[in-house]
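These are my notebook entries on one protein chain. I set down what I looked up, topic by topic.

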Amino acid sequence: MPTVLCLDDFTCALGKTANVLREHGYVTLAGDDNSAAVDVAAHSHLDAILLNCRREEDNTGLVAALRMLQPHAAIVMFSGLCAVPCRHLALADACVQKGATTATLLPLLRAVLCQSRYGLCRSVAA
């Protein structure tokens, strides 16, 4: 079963996403704190990381740290804005609107996981 780290500063949304992924066979690790996310990435094998691109001010440093610790993990960024800011598009393997339905999120996650297994990640758009 693939392991996905879910990061969001909105606990309610985080719990909902983690539960949906668990219901569909994913092992989920969830958090709302950047330093805890780095710690999880340093000590766990992750297949994918799903994170809010608007966490705090700018999470480019967080994404860089996660990429160094988990170079083979696919990164899917989401945003509550109408579109993911351009500066974040280059960081992600895929982007999705925050609150995307299960019908949107699950196929996207399967696609990036498949691509990351075969070294093809960069980039899938939702």
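The entries below go from the overall fold to strands, helices, single residues, cysteines and the largest pocket.

**Entry 1. Overall layout.** I note at the outset that this is a predicted model. I counted the secondary structure and found five helices and six strands. Reading along the sequence, I recorded the pattern β-α-β-α-β-α-β-α-β-α-β. I then looked up burial for the whole protein: of its 126 residues, 45% count as buried.

**Entry 2. Strand S1.** I asked how many residues of strand S1 (residues 3-7) are buried. The count is five of the five, so S1 is largely enclosed by the rest of the structure. I next sorted the side chains by direction. Thr 3, Leu 5 and Leu 7 point one way, Val 4 and Cys 6 point the other way, and all are buried. This fits the rule that side chains in a regular strand alternate between the two faces of the sheet. For the pairing, I found five bridges between S1 and S2, and the two strands run parallel. Cys 6 has Ala 30 in S2 as its bridge partner.

**Entry 3. Strand S4 and its neighbours.** I repeated the check on strand S4 (residues 74-79). Six of its six residues are buried, so S4 too is largely enclosed by the rest of the structure. Ala 74, Val 76 and Phe 78 point one way from S4, whereas Ile 75, Met 77 and Ser 79 point the other way; all are buried. Which strands pair with S4? Strand S3 (residues 48-52) is joined to S4 by five bridges and runs parallel to it. Strand S5 (residues 94-97) pairs with S4 over four bridges, also in the parallel sense. I noted one residue pair for each of these: Asn 52 stands opposite Phe 78 in S4, and Val 76 has Ala 94 in S5 as its bridge partner.

**Entry 4. Helix H1.** I looked up the dimensions of helix H1 (residues 11-23). H1 has 13 residues and reaches 18 Å from its first C-alpha to its last, close to the 18 Å expected at 1.5 Å a residue. Its buried residues are Leu 14, Ala 18, Val 20 and Leu 21. Seen down the axis of H1, the buried residues fall within an arc of 160 degrees, so they line one face of the helix. On the other side of H1 I found Cys 12, Lys 16 and Glu 23 exposed. Just after H1, Gly 25 takes a positive phi of about 95 degrees.

**Entry 5. Helix H2.** I made a similar list for helix H2 (residues 34-43), where Asn 34, Ala 37 and Ala 41 are buried. These residues cover an arc of only 55 degrees around the axis, which puts them on the same side of H2. The face turned away from that buried side carries the exposed residues Ser 35 and His 43.

**Entry 6. Two single residues.** Is Arg 67 buried or exposed? Arg 67 lies in helix H3 (residues 60-69). Its relative accessible area is 18%, and the cut-off for buried is under 20%, so Arg 67 is buried. I also looked up its separation from Ala 41: the two are 26 residues apart along the chain, and their C-alpha atoms are separated by 9.2 Å.

His 24 sits in the loop between H1 and strand S2 (27-31). With a relative accessible area of 43%, His 24 is partly exposed. Its C-alpha atom is separated by 9.7 Å from that of Thr 102, 78 residues apart along the chain.

**Entry 7. Cysteines.** How many disulfides does the structure hold? I found zero. I also checked the accessibility of two cysteines. Cys 6 counts as buried at 1% relative accessibility, whereas Cys 114 counts as partly exposed at 38%.

**Entry 8. The largest pocket.** I recorded about 270 Å³ of space in the largest pocket. It is lined by 15 residues, of which Thr 17, Lys 98, Gly 99, Ala 100 and Leu 105 are the closest to its centre. I then asked which elements give two or more residues to the lining. They are H1, S5 and helix H5 (102-117). The largest share, four residues, comes from H1.

Key
Residues numbered from 1 in each chain as written. Predicted model: local features only at pLDDT ≥ 70, side-chain atom pairs only at ≥ 80, totals over all residues. Heavy atoms only, no water. Expected span 1.5 Å × (residues − 1). Buried < 20%, exposed > 50% of the residue type's maximum accessible area, 1.4 Å probe, protein only. Arc of directions from axis to C-beta. Disulfide = S-S within 2.5 Å. Pairing = 2+ DSSP bridges. 1 Å grid on protein atoms, 1.4 Å probe; cavity = no way out; pocket = protein on both sides within 12 Å on 5 of 7 lines; lining within 4 Å. Points joined across faces, edges and corners; volume = space filled by probe spheres on them.
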